[in-house]
Amino acid sequence: MRRSGVAETMEGYKGAALETLERFKARVWSESQIKTTRGDFTGIILPRSENDDDKHIVLKLATGYNIGIAVDTINDIIEQGYKQANYKIPEKEFPVTEGLPHVKLLGTGGTIASRLDYRTGAVIPAFTPGELYGAVPELADICNLTTEKLFAVFSENMGPQQYRKLAVAIGEEIEKGIDGIVIGHGTDTMHHTASALAFMVQNPPVPIVVVGSQRSSDRPSSDAALNLIHATKTAAESDIAEVMVCMFGPTSDEYGLLHRGTRVRKMHSSYRSTFRTLGDIPLATVDKEKITPLKPDYKRRRKDRDVKITPVFEERVAMVYYYPNMQRDIIDSLVDNGYKGIVIAGTGLGHVNKPVYPAIERATQKGVAIYMTVQTLWGFVHMFVYDTGRDLMAKGIIPAENMLPEVAYVKLGWALGQTDDLDKVREIMLTPIAGEITEREPYNGYIVLQGGLPEVEEFLHSIHM
Amino acid sequence: MVPVWIMDRYAYCTPSARVPQALSGLSLQTKSLEKSMVSGYFIARCDIDRKKGTHVSRPTARSAGISAAENYEQTRRLVGYLPRSDATEATYTDLGFKCGLEIHQQLLTEKKLFCHCPAGFYQEPDDYDAELVRHMRPTLSELGEYDGTALMEFRTRKNIIYRIKNETACTYDIDDTPPFRINQQALDIAIEIALMLKTNVVGELHITRKQYLDGSIPTGFQRTAIVGIEGDIPIKDKTVRIIQISLEEDSCREVSDIGHFRTYTTDRLGMPLIETVTYPDMLTPDEAAEAAHYLRFLARSSGKVRTGIGAAREDVNVSVTGGTRVEIKGVAHIKWIPELTHNEAFRQSALLMIADRLRERDIAPTEWKLTSRDIKPDDLRTDCPPVEAAFAAGQRIVAVNLPGFADCLSFFTGPGRCFADEVSDRLKVIACLEKPNMTNSESLDPIISDDDWTTIRGLLTAAPEDGQLIFWGPEDDIETALVVIDERCQAAFAGVPNETRKSLPDGTTIFERVLPGPDRMYPDTDSAPIPITGEQIEKIRAGLAVDVSNRQLQLRDWGVPEHLHAFLLRYDLVGEIETIARKTSIDPKYTAVLLSQTLNHVRGVYADRPAPNYRQLPDLFAFVDERGLERDILKALLPLWYLYPNESFDSLLEQSGYTPAGVEDIRKAIPDFRKSFVVRSSTKDPDAEVHWLVGRLRPTALGNIPLKQLREIVDEEVGRG
C-alpha cells in the first residue's frame, strides 16, 4: 500500500517534470491547459507522489479523474486559474452526554477515521473528537470521548520508546478516573504493542482496547468505523479490565472479537479478520448491541485505581527465526554486538541444528539470555522429547512454554529492562502475568479450518446473522 | 368470487384465496406469483392496462373535483405526450431534447482486470461456495457533509450479501486483498479502442476510485482510469464528440433486493470493461440509438471485445429544456434507447409542469411541510387487505397530508405512470418498503373509498387543495419513509430531481438512486501510475482495425442494401467480405447479402449454439471457388459449417447431398418429376408446378448451376410441355 498521500508530499516534482513546470511557469494547483503531441488536456495540476518518476505531470480533469501527462510530449502549458487546496477537516463538537462513560482515545498514528479531499484526492485523517464525531457519529451514543495524539508513526515504526510513553499515558488516564481507554494503532505491529502494554500496565482497573483497521477509512467498505464503534463500546461498557485487541471476527460486517493482548497475532497480510487468538479462545465477541464473553476467567473491571506501570524496556534484544542450515555466525554476531537477550523461533517442539550449538553455549557463557519459542505458533516448547532439545537446554537455552515468539521477544525486553540478573529474568519470563503462558491448552484453542472439507464448506456457505 | 385487489401492476388476494382461480376470472395475464414476505398476501404481477380499467369491482374513484382518471388524461394532454411513432424531429426540438451516452463494453481477456481470476464465467444465482455480508458507509465530503447518494445509500441500511464462487472470485474481489498489477492485455485493447475513437491518449494511467455505495462493488468504489479524452465519431449528418474513454472493472450482478437485504454474485465483478462517454450531442432518440450502434460496431471491429447478453450495456443521459440530466442505467439493448429516452423527455416535461402547478398555488417551498399521523384499519370503512395485512404483521399505517398536492398525485408522468409512482418508487428503494407500499387519494386503482379519504382528510385536517397518501411499513423504516416522501415532494417544486433511473422493458423507468456528483473520485492509493509510452501507442496504432465509418462507406460502395449493414457491422464481417473478394471470384455484394441473410437466419434458429469463428469464412468461400462449385452451394454449406465448424469442408459438402450434375442431367430428370406432380396435385396452375419442380431439383442444382438458371430451365421445360 502506498501510504505517502498527496497531502504530505505537496509538490513532489523533480528532475525533468520540475524543469518542464518551471519552463512554462506552471504552478501546482493551477488550472491549466496543457498542449501536447497527443492533443490538449485541461485540468488542475496536482502534486506528485515523491516516489513516482520525473517524467510525468499529474492533472485532475473536470470529471474528477486523474491522469498523467508525459513531459516529453508537452508543447505548452497555459495557466487559466489557481486555487490552493485546503486540507482542514471540518469539526463538529462532540456532544457531552450526562451519564455516559468517559473514554480516552490515544492516537499513535494509524488512521482510524479520515475523510477525503475530493478535489485533490488526498486522504485527511480525522482524530479530534469533533472530527471523529463527524466521521462516526455513533460514538456519541456510546461515550463521552476525549482524545490525545501521542505520536504519529506508522505501525512498523512503533517500538520501545513508544511503548513506554503509551504505558505512562495510560497510567495517568487511569489515575484521573477514566472509564476505559482506546488506542488507535496501525495493524502490522498491533500485537507487539498490545503485549508490551499487557506487561507494562499491570492490574489495570479498566478496559484498554487496541484497535485499527485493515481497510482505510476513506473507503465505504472500511472496517474502521465498525472497529472503532466496537472498541469504544468495549472501553466504555465491558467488564473486562485487560489489554485487548479489538478487530473483525469474520471478514463480514458481523461482529468484532476481543483478543487478550498476549495471545493475539496478525495472521493474514490483508484480510479484515486477520487477528486471531492463538492457543486459546478469544475473550469475547462485541457487536453494536452487546459484549458477549467467551472466556469466564478474565480480570474484572474495578473501581479502584491500583494499577502498576512498569515502563521499562531493554532494546538490545533480538528475535531469530531459525532456518535449516543456519550457521553459528548469526548468533555470534548478535552477542558480539552486545545483545543481552535472544528469542529463537525454533522448529517443531523448539529445535535448531547442531552448527548453532557452540554459538549458543558461547552466548550463555557471556550472560546473554536465550529463550526458545516455536515457529509453529501453536503449541508448547517441549525440549525433553528429543535429544536435540535436551542438548540445547544443557547449553543454556530456556524453553518459553507457549509464549508466542513476538510476545516472548517483548517480554524479554521488558524483563531485561528491569534487571540484569538472569535468574530474576528467568523468573519474570516464566511467571505468567497476563495470559502469555497458559497452564493448559484448550482443545478448541487450535482451529485452522481447511477449505474443501464438506463441513467447512457448509459453514462458509451462508452468513451467520 | 374471491376478492382480488388491483394496485399498480399488482393484483393481490387474501392469504386464504386461491390466486389462480381468482385471477382466471379477470382475464389477466399473470406474469409471476409470489407470497409477500411482509404481508403474507399473494401478489401476482400482471400486465394491467390502466386505460382499459380493471375487471374487478372496486371502490369508485374520488369524486371531489375531477376524478383521478380524468386528471391523468387531462395532464397527459397538457404534457402533450404522444407515442414515439407519432413524434417527429420537431417534437424533440420543442422539448429541447438532449442525450449523451455512456457505453460499457466488456473486453475479451482471459483474466479479470486487477486479479488473476478467469473472466467471463458466470454462475447461477444459487450456485455459490460462500456468503459474506458488508455495509457501505458514506465517507465525508469536502464540506464535512455526506453527499446525496451517500446519505441515501446509508439511510437504506442495506445488508449487502455477496455470493462467492471459488472458481470466479478471490480475496481481491471481496476487498480482502489489494489489487494486483493491471491486466496488460486489457490495457492494450483499451488503448486500441481509444485510438479508434480518435481520443488523446494519456501519458500515464492513474487508477482512480469512483465511489458506489449501492454495494455493487464490495470495496465501495470502482477502480477506473482514463485512457483517452476528447475524440469523435461520425454518425449520419453529424459528428458526435467523445468526452473520454476509461478502463474499469465490472460490478457484481444483482440477485435480489428485498427489504433490507440486497444480494449479489461476484462472478462478473472485476472483469475488464471500457466505458466510452459522449457529449450530449444527440438531439433525437434515433440519433442516440445510431450513436450507440456506431460505438458498439467500433468496439467489435477490434475483434477483442465480448459479445452476448450483458457484454455491452448502455447508460443514457437525457435532459430537456429546464430539466436536469437524468441517467438511465443499464440499458441492455440499444433498440430500447429510443423509447426510453422519448418517455424520459416527457417525464421531465411533466415534472416541470407539476412544479408550475405547485408554484401557481403560491406555496413557498421552504415553508412546505407534510403532516402525518398513524391510522388503524378500523379508521377505514373499506376493507383494505394490504392495510389490514400490514397492520396484522405489526407494521405501522401512516396517513400523510401533502399540502397543495391535489391533482398532482395523479399527474401524468409517462405511459401508465403518474407522480405518485415517483414517491412509491423511492419508498421502495430508499426506505426498503416493498411494493405495494402506499396508496393515495388520487390512485388510478383506488383501494380505499372516497368516504374513507374524507375521513382521513378530517384526521389530517387537510385543505381541499391538499393531496393525501397512506403508506405502511415496519416501525424502523417509518422515519426514513417520511423523510423520503418529504424530499420527493420538496423536489417537485424545483422540477426534475437529479437521479439515476432503471430501465424497464416497457420503455418506462423507475427511480434507482440519487445521481452522484463528480465529487466522488479519488486516487487509488493501492496502485502506482502506469506510463503509456509513445512506442506502445505506435505499435498498437499499426495494428488498428479499419474505421467503422470506412466500413460503412465500403458497404455502400459495394451496393449492399442499407438494412443489411447493421448485421454485417455487428459481427464485424466486412473485413471477411473483403478477403473473400480478394481470394475468390465471388463478388462482395453477393457475399454480403448471402452472409447477412443466411447467418442471421441460422443464428436465430440455433441461438443456443456458440457461433463459429467467422474469421474462417474466407477459407470456406475459397474452397467452393477452387472446386469450381457453383457459388449458390454456400446457401447449403453455411448452415452446416455453423453447426459443425470443426468438420472438413469436404465432409460438409458430402453432408449437403451434393453430387456433380450437368444442365442436361437436370433437364432429363424433369419429365419424371412432372408425372409425379400430376399424380399428387389437382391444380393445373403452371406456377405451382414450377415452384414444386424447382424445390425438387434444388438439391441437385446446388453447386452445379446457379439457382436462377434452374428456374429458367424448369420454365422452359414446363412451357415446352
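**Close-up 1. B:Thr276 and the residues around it in this predicted model.** Leaving aside residues up to four places away in sequence, B:Thr276 touches B:Leu101, B:Glu102, B:Ile103, B:Leu197, B:Ile242, B:Gln244, B:Ile245 and B:Leu295. The threonine sits in strand 15 of chain B, which runs over residues 272-278. B:Thr276 counts as buried because its relative accessible area is 6%, and the cut-off for buried is under 20%.

**Close-up 2. Helix 7 of chain B, end to end.** This helix takes in residues 337-360, 24 of them. At 1.5 Å a residue, you'd expect a span of 34 Å, and the end C-alpha atoms are 35 Å apart, so the two agree. Why call this helix largely enclosed by the rest of the structure? Because 19 of its 24 residues are buried. Just following helix 7 of chain B comes B:Asp362, with a positive phi near 60 degrees.

**Close-up 3. B:Phe471 in the largest nonpolar core.** That core has 183 residues, and B:Phe471 and B:Ile193 are the ones touching the most other members. Setting aside residues up to four places away in sequence, the neighbours that B:Phe471 touches include B:Arg396, B:Ile397, B:Val398 and B:Val400. Also on its contact list are B:Leu427, B:Leu433, B:Asn437 and B:Met438, along with B:Ile478, B:Ala481, B:Leu482 and B:Ile485. Apart from the largest core lies another one, of 55 residues, and among its members are A:Ile181, A:Val210, A:Trp378 and A:Ala408. As a rule of thumb, nonpolar side chains in soluble globular proteins tend to be buried together.

**Close-up 4. A:Arg215, an arginine with contacts in both chains.** You'll find A:Arg215 in the loop between strand 12 (208-211) and helix 7 (224-237) of chain A. Is this arginine buried or exposed? A:Arg215 is buried, since its relative accessible area is 4%, against a cut-off of under 20%. Within chain A, and not counting residues up to four places away in sequence, A:Arg215 touches A:Ser222, A:Asp223, A:Ala224, A:Ser270 and A:Arg272. From chain B, its contacts are B:Asp175, B:Asp176 and B:Thr177. A:Ser270 is 55 residues away from A:Arg215 along the chain, yet their C-alpha atoms are separated by 8.3 Å.

**Close-up 5. A:Thr232 on helix 7 of chain A.** A:Thr232 counts as buried because its relative accessibility is 3%. Which residues does A:Thr232 touch, not counting those up to four places away in sequence? They are A:Val103, A:Leu139, A:Ile142, A:Cys143 and A:Val182. A:Ser30 is 202 residues from A:Thr232 along the chain, and the C-alpha atoms of the pair are separated by 43 Å.

**Close-up 6. A nonpolar patch on the surface of chain A.** The patch is made up of A:Ile447, A:Leu449, A:Phe459 and A:Leu460, which together have about 390 Å² of accessible area. A:Leu449 belongs to the loop between helix 12 (422-430) and helix 13 (454-461) of chain A. With a relative accessible area of 52%, A:Leu449 is exposed, because exposed means over 50%.

**Close-up 7. Pulling back to chain A as a whole.** Chain A has 13 helices and 23 strands. Its C-alpha trace spans about 80 × 60 × 50 Å along the principal axes. Of the 465 residues in chain A, 58% are buried. The chain exposes about 19,300 Å², with carbon and sulfur atoms supplying 51% of that area. Among contacts in chain A with a separation of 6 or more, 71% are between residues 24 or more positions apart.

How values were computed:
Residues are numbered from 1 along each chain as its sequence is written. Chains are lettered from A and ligands numbered from 1 in the order in which they are written. This is a predicted model: local features need pLDDT of at least 70, side-chain atom pairs count only at pLDDT 80 or more; totals for chains, interfaces and linings use all residues. Side-chain values use heavy atoms; hydrogens and water are left out. Patches are made of residues with over 30% relative accessible area and no salt bridge: like charges are joined within 9 Å, nonpolar side chains (Val, Leu, Ile, Met, Phe, Trp, Tyr) within 5 Å. Accessible areas come from the Shrake-Rupley method with a 1.4 Å probe; for residues, only the protein chains shown count as cover. A salt bridge is a side-chain nitrogen of Lys or Arg within 4 Å of a carboxyl oxygen of Asp or Glu. Helices (H or I, at least four residues) and strands (E, at least two) are DSSP runs, numbered from the N terminus. Buried means under 20% relative accessible area, exposed over 50%, partly exposed in between (1.4 Å probe, protein chains only). The expected span of a helix is 1.5 Å times one less than its number of residues. A nonpolar core is a set of buried Ala, Val, Leu, Ile, Met, Phe, Trp, Tyr and Cys residues joined through side-chain atoms within 4.5 Å. Contact means heavy atoms within 4.5 Å.
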